[in-house]
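I opened this notebook to record what I looked up about the ligand site and the open and enclosed spaces of the protein. The entries follow the order of my look-ups.

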Amino acid sequence: MTAPTGSTVRGGRLDGRLIGIGVTGSIAAYKAADLVRRLADEGADVVVLMTPSATRFVGELTFAALTRHPVETDVGGLLPDQRIGHIVVADSVDAIVVAPATAHWLASMATGLAGDAVTAACLATKAPVIVAPAMDGEMYAHPATRANVARLRDGFGYRIVEPESGPLASGQSGQGRLAETPAIVEAVIATISASPIREPDAAARPPLVAATQDADLDGRHVVVTAGGTAEPIDPVRFIGNRSTGKMGVALVAAAIGRGARVTLVAGHVSVPLPTDPAVQVVAAETTAQMDRAVRDAIGDADALIMAAAVADFRPRRSAATKLTRDERLQLDLEPTEDILAGVAESLVAGERAAAERPILVGFAAETGSLDRAADKLRRKGVDLLVANDVAEAGSGFGTDTNRVVILAADGSRDELPLLSKREVAERILDRVAGALDARDTAAQTEAVTQESRA
Ligand code: CTP
């Protein structure tokens, strides 16, 4: 996958800095993976600390792979050289940002109860602390939480990045949704930009873990569609589009790099297809063929990523022999099946338990405003929608780069900078891996609840 966080961009606003991210047990924990990346984009080296409940939402392997540093999940955890992990973090970071911070964590911190690695590191550090709460709106409004936030801000001098108002994981809405990643990054930069780098000596910082393969999709089956569909007019001509398949192929490479087994449903592509044994390639020329191939592959899939540019119309009839120029040609077009919306619908209606449903990712190639994208996300019933303006320079068909906005069903909107298609693929898979972790955790919690009721 991408470079370790310690060896990222030069010239970023966090060049040479070490930032500790404290992750606590909120449904928004998966968003911390994106925070790691954004801080790395600014040049920071990042190390992650987690409370035990955070590890129920996102596996520590995800953060170890993204940061290349050991993840501190235990107050008593020792590094391989016997130093105490959270103390090394506390002594070397330029800032600690706790995101998401739960009501429980705010209370622990306000009273100095150092029962987890995040609180312990905050108590032990002289570096500034930034806190981004995330919880249910009523919880955030409760006088206990308000008092704890006030104590952290006014008593300890911590910077609070207020949560946003909007729809919440509970289904209700209110002020409690984790602030958007760019706002948290800006808060970190604003907090430390005037202070010198705290610990430039690499030996005093947390060690790097061996460059392991990022295996956060190990054992998962990911279905990716790529390229454009081609609808025949006659045996030699078709209605097609400009899609080359680059984005889909980048997604496949990224997914196998993270341990997934991949089915690539390939339409009309103009880039070489992967030959890795972890990838099964299924050719699907027309929309109807792609629809069938996707439905065949989706049975045991953990994610479907529809990167293909699917034709919206096809000739009602295709001529059996090549049409000649002297004939007048009038095409009678009919709409094609909407593959993604169809899959989403049949999953909702079907037998597959919610806990086993694949994560659905759509793409929306727009020209001009991306305002229609949020509507498309709802209309298609997908978990994530990756929208880009294909008319923008460096973005869209045939380019090696892409500037996308990732919209999620929870209402969040993540605007990424111009990145290579591979990097965009990694960002999308960060979200998919996080969503799968959350799905599995929810299923386990449900099973335990059922068991205790029985
Ligand atoms: N898609 C699909 N089947 C179709 C058309 C699109 O599965 N017949 C998928 C695409 O692969 C993409 C997403 O739906 O992941 C959005 O595609 P887009 O062409 O932007 O959406 P449309 O449904 O065509 O919407 P509109 O033309 O109204 O913008």
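Entry 1, polar contacts of the ligand. I began with Lys-376, where a polar side-chain atom lies 2.6 Å from an oxygen atom of the ligand. I note here that the model is a predicted one. Next I looked up Phe-363, which places a backbone N or O atom 2.8 Å from an oxygen atom of the ligand. For Ile-339 I recorded a polar backbone atom 3.0 Å from a nitrogen atom of the ligand. I then checked the cover: on its own the ligand has 570 Å² of accessible area, and the protein covers 83% of this.

Entry 2, the shell around the ligand. Which pocket does the space taken by the ligand form? I found that this space is the second largest pocket. Two or more residues of the shell come from each of α11 (339-349), β16 (359-366) and α12 (372-380). I counted 18 residues around the ligand, and the nearest are Met-306, Ala-308, Phe-363, Lys-376 and Lys-380. Sorted by class, the shell holds nine nonpolar, two polar and seven charged residues.

Entry 3, the largest pocket. I turned to the largest pocket and noted a volume of about 1,200 Å³. Its lining comprises 42 residues, of which Ile-27, Tyr-30, Ala-169, Asp-410 and Ala-438 are closest to the centre. I asked which element gives the largest share of this lining. The answer is α13, with eight residues. The elements that each supply at least two lining residues are α4 (103-111), β7 (173-177), α11, β16 and α13 (421-453). I marked α11 and β16 in this list, since both names had also appeared for the ligand shell. By class, I recorded 26 nonpolar, seven polar and nine charged residues in the lining of the largest pocket.

Entry 4, enclosed space. How many cavities of 30 Å³ or more are there? The count gave me one. The largest cavity contains about 90 Å³ of space. I listed its lining as Lys-31, Asp-34, Leu-178, Ala-179, Glu-180, Thr-181, Ser-412, Arg-413, Asp-414 and Arg-431. Among the elements, α1 (31-41) and β20 (413-415) each contribute at least two residues to this lining. I closed the entry with the classes for the largest cavity: two nonpolar, two polar and six charged lining residues.

Note on methods
Residues numbered from 1 in each chain as written. Predicted model: local features only at pLDDT ≥ 70, side-chain atom pairs only at ≥ 80, totals over all residues. Heavy atoms only, no water. Near = heavy atom within 4 Å. Polar contact = N/O pair within 3.5 Å; in protein donor to acceptor, adjacent residues only side chain to side chain. Areas by Shrake-Rupley, 256 points an atom, 1.4 Å probe, with all protein chains shown as cover. 1 Å grid on protein atoms, 1.4 Å probe; cavity = no way out; pocket = protein on both sides within 12 Å on 5 of 7 lines; lining within 4 Å. Sits in = over half its atoms within 2 Å of the grid points. Helix = DSSP H or I, 4+ residues; strand = E, 2+ residues; numbered from the N terminus. Nonpolar A, V, L, I, M, F, W, Y, C, P; charged D, E, K, R; others polar. Points joined across faces, edges and corners; volume = space filled by probe spheres on them.
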